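Thank you all for coming. Let me put the structure up on the screen, and then I will walk you through a few of its features.

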Amino acid sequence: MSAPGRARLPALLSLGCWAGLASGYLDAASLELRRQLIEPIVFAGHHTIWTAPLFDAVLFSLLALAGWAAGWLVPWLGSRALAAFGFGFLGTLGVLYNFPAVHRLAALLFSVGAGVQLARVAEARAEASSRLIRRTLPWLAALTVALAGALVARDAWREHRALTSLPPARAGAPNVLLIVLDTVRALNLSLYGYHRPTTPELEAWARGGTVFTRAFSTASWTLPSHASLFTGRDATELAADWMTPLERTVPTLAEVLAGAGYATAGFVANTDYCSAEVGLGRGFAHYEDYTLTPGQIARSSALGRALSRIRPIRVLLGWHDNLGRKTAPDISAAFLRWVDRHRGRPFFAFLNYYDAHRPYLPPAPYAERFRTPGVPLNPRLRREAGADPDTPPERIQGAIDAYDNAIAYLDAELGALFRELDRRGLSERTLIIVTSDHGEEFLEHGAWDHGNTLYRPSVEVPLVLRWPGRVPEGRRWDGPLSLHDVPSTVLDLAGVVPAAPFPGRSLARFWRDTPVVSDTVWSAVRQVPRMPLEYPAARGNLVAVIAGGLRYLRNYGDGGEELFDLERDSLEQHNLAETPGFAGRRAAFRALTAGAFGQP
């Protein structure tokens, strides 16, 4: 016989499981409502419709078990009324959490009210509510299992159909492997002369190919930069933005290569802005963004995301990483498994590694590979405001140390991947491109992170091409170039002639043509909402242009202009815009950039 006020364990578990499933379905439905009515990017995969209910059901069942156990000491803690209140509160809070415009205090108060009302109903109509749970819980559970099976089967069928419908590939067509090291700036790579040996594996591998020493991304953050890598268009030519996916009217590299008979696959660790949801999965027969791992399943639930952001919980667990983060070994293993299943035709694979993105938390022994004596590591667990003259220098150096450690770990994993390709006999017939989507800032210009300026630390990135016998070995090219040339380069070297070629020119011109005409290189970023006003991108759209040995930066919001010597001022510390003798060049750049983003 149960203690006074304390419900039986089966009843509490049934209530928890039922409430969790119901909460998860409301969570998924509210996300879809937000997608349809407010903004098209909600940072959720298509499996959320069943993974959110699954996570919430597990969470609520564990809470029910904890309440029942606590009821041995204090009976009302294990009562049905308290459980109903808690589940009603959490379920409502999860739904409201999906709408950032709802003030958090208002969400809390409304959720408390919803919990109180649900508790009253549960007590006043105890038998009716118990009967409802008994009748509907099996159906909710069955629906969750059916949705999981149906979506997994659908994914497999779509990949099968895409691969079996491919046309024959050209005889001798090479494989193409595009590797993007998310948030890795060229400035911190020993491949480019950095004083720390951060990239010994990449250096050894790059000796068999061509290194471009002044490659610039088209934007200082992920989505527009990747969009340019896939379409050959500059950021100013694309709609892709913070809450706007890549438009479907623009053909992608994966679509063109699939049309040429390539098996296509993408494996991404940056599930925020490299997901299929933002348009980057278009053209890939197989695309792994949100995967069915425990961390990713927890992330699919609003409650899972909310709990993961509570700092005391992180401290208690000793865990500070991004929820569901995929590591370099995860990405490499998934790619190699896929390759081993698709040996019948050439492949185009895209790998996005996220290990050098904040927070910088590589595993041992890389966690302390580089460390300035007397300076604590600063892995940057949380976003920080910049432009603070009182920021301790050791805090900046500690962040750079942690960043360098993350790059060293990523470099080691790249070496392991290259050896696996060698072991499979794929290196000799694969065009491999290693680059980054953007860099990172450590207060060189008063800003942390990326996506908020267009200075060189944010947009100057590594770029290495290797294909034995087709790309020259041991070459380095020092002229400025844009990553928007990558799609044209791939098609040129692979011998694919599409009906509508990509903008940009093949990088092969650097070893085929003499002399080589220098490019005008563009980078841009749109105004960033909800950012500290001291950051340039908070004040207006930004554009940067390289031409004639100079680099020009313009802010369309406050009218600011900066001009730097590309050769002599790599850190862009000496603004020449107001220097006598440069007025004519500044005016020419101003005329050149008129019309970017549709602005004068």
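Before anything else, a word on burial: I will call a residue buried when its relative accessible area is under 20%, exposed when it is over 50%, and partly exposed in between, using a 1.4 Å probe and protein chains only. This is a predicted model, in which local features need pLDDT of at least 70 and side-chain atom pairs count only at pLDDT 80 or more, while totals for chains, interfaces and linings use all residues. Residues are numbered from 1 along each chain as its sequence is written, and side-chain values use heavy atoms, with hydrogens and water left out.

Let me begin with helix H5, where helices (H or I, at least four residues) and strands (E, at least two) are DSSP runs, numbered from the N terminus. The buried residues of H5 include Ser-129, Ile-133, Leu-137, Leu-140 and Leu-151. How far apart are the end C-alpha atoms of H5? They are separated by 56 Å, which agrees with the 57 Å that the 39 residues of H5, from 126 to 164, should span at 1.5 Å a residue, the expected span being 1.5 Å times one less than the number of residues. H5 does have a kink of about 35 degrees at Thr-136, shortly before the proline Pro-138; the bend is the angle between axes fitted to the seven residues ending at a residue and the seven starting there.

Staying with H5, we come to its salt bridges, each being a side-chain nitrogen of Lys or Arg within 4 Å of a carboxyl oxygen of Asp or Glu. Glu-127 meets Arg-131 in one of these, at 4.0 Å from N to O, and because the two are four residues apart in helix H5, about one helical turn separates them. Glu-127 also forms a salt bridge with Arg-134, with the closest N and O atoms 3.6 Å apart. Arg-131 is partly exposed at 32% relative accessibility, whereas Arg-134 is exposed, at 52%.

Elsewhere, Glu-561 and Arg-590 form a salt bridge whose closest N and O atoms are 2.9 Å apart. This pair links distant parts of the chain, with Glu-561 in strand E17 and Arg-590 in helix H18, 29 residues apart. Glu-561 counts as buried, at 17% relative accessibility, while Arg-590 is partly exposed, at 35%. The structure holds 32 salt bridges, and a network of them links Asp-340, Arg-343, Glu-420, Arg-423 and Arg-424.
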